[in-house]
Amino acid sequence: MTLAQWIIRLNALFFSLYGLLFFFVPETLLFWVTGSAANTTSAMIDTRATYGGMSLAIGLLLFYFSMKLVYEKLGLVFVILIMGNMAFGRSLGILLDGNPNPVMWLFLVGELVTLIISAVLLTRGQLKSQLT
């Protein structure tokens with residue numbers, strides 16, 4: 001397995017676990033991540049759907065990309081798009097809203113590190129993928 005496949009698979013694992021946890025213990029995870037709770041039934045339903053369902057879908061798609069070398073480049077591009085947009089949105093929120101909790105900083109650092117590693121791997125030009 002290549003380093004790129006490992007990065008893709010680690011992201012797949014994170015998103016899959018994150019999604020599953022938000023399916024089954026959304027109150028606990030939401031409080032841990034944001035320091036607040038959903039205060040309506042619809043908020044809880046949307047938390048399960050968005051944090052749970054979308055995160056699990058991303059994880060499964062990344063896992064699929066990590067299974068074959070032909071999808072290595074596509075998987076890295078997907079990781080870069082996810083991490084870049086999450087880091088941008090989180091940074092914008094920190095700048096506009098201020099006062100982030102430590103989890104927000106931890107996630108931002110993780111997103112930026114993953115983004116940089118993935119971009120370096122993608123630009124090295126040594127990927128096994130046949131995609132251009």
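Which backbone nitrogen does a side-chain oxygen of Asn101 reach at the start of H5? It is that of Val103, to within 3.0 Å.

**Basis of the model**

This is a predicted model, in which local features need pLDDT of at least 70 and side-chain atom pairs count only at pLDDT 80 or more, while totals for chains, interfaces and linings use all residues. Residues are numbered from 1 along each chain as its sequence is written, and side-chain values use heavy atoms, with hydrogens and water left out.

**Helix H5**

Helices are DSSP runs (H or I, at least four residues), numbered from the N terminus. Helix H5 holds 22 residues (102-123); at 1.5 Å a residue, counted for one less than the number of residues, the helix should span 32 Å, which agrees with the 32 Å between its end C-alpha atoms.

Among the buried residues of H5 (under 20% relative accessible area, 1.4 Å probe, protein chains only) are Val103, Phe107, Glu111, Thr114 and Leu121. The buried residues cover an arc of only 165° around the axis (taken from the directions to the C-beta atoms), which puts them on the same side of H5. They pack against helices H1 (3-24), H2 (26-34) and H4 (72-97), with contact meaning heavy atoms within 4.5 Å. The face turned away carries the exposed residues (over 50%) Pro102, Leu106, Ile116 and Thr123.

**An aromatic link**

Rings of Phe, Tyr and Trp (its six-membered ring) pair if their centres lie within 6.5 Å, and planes over 60 degrees apart count as edge-to-face. Phe14 and Phe107 form such an edge-to-face pair, 6.4 Å centre to centre with 85° between the planes. Phe14 lies in H1 and Phe107 in H5, so the pair ties together parts 93 residues apart in sequence.

Key: Helices (H or I, at least four residues) and strands (E, at least two) are DSSP runs, numbered from the N terminus. A polar contact is a pair of N or O atoms within 3.5 Å; within protein, one must be able to donate a hydrogen and the other to accept it, and residues adjacent in sequence count only if both atoms are side-chain atoms. Rings of Phe, Tyr and Trp (its six-membered ring) pair if their centres lie within 6.5 Å; planes under 30 degrees apart count as stacked, over 60 as edge-to-face and the rest as tilted.
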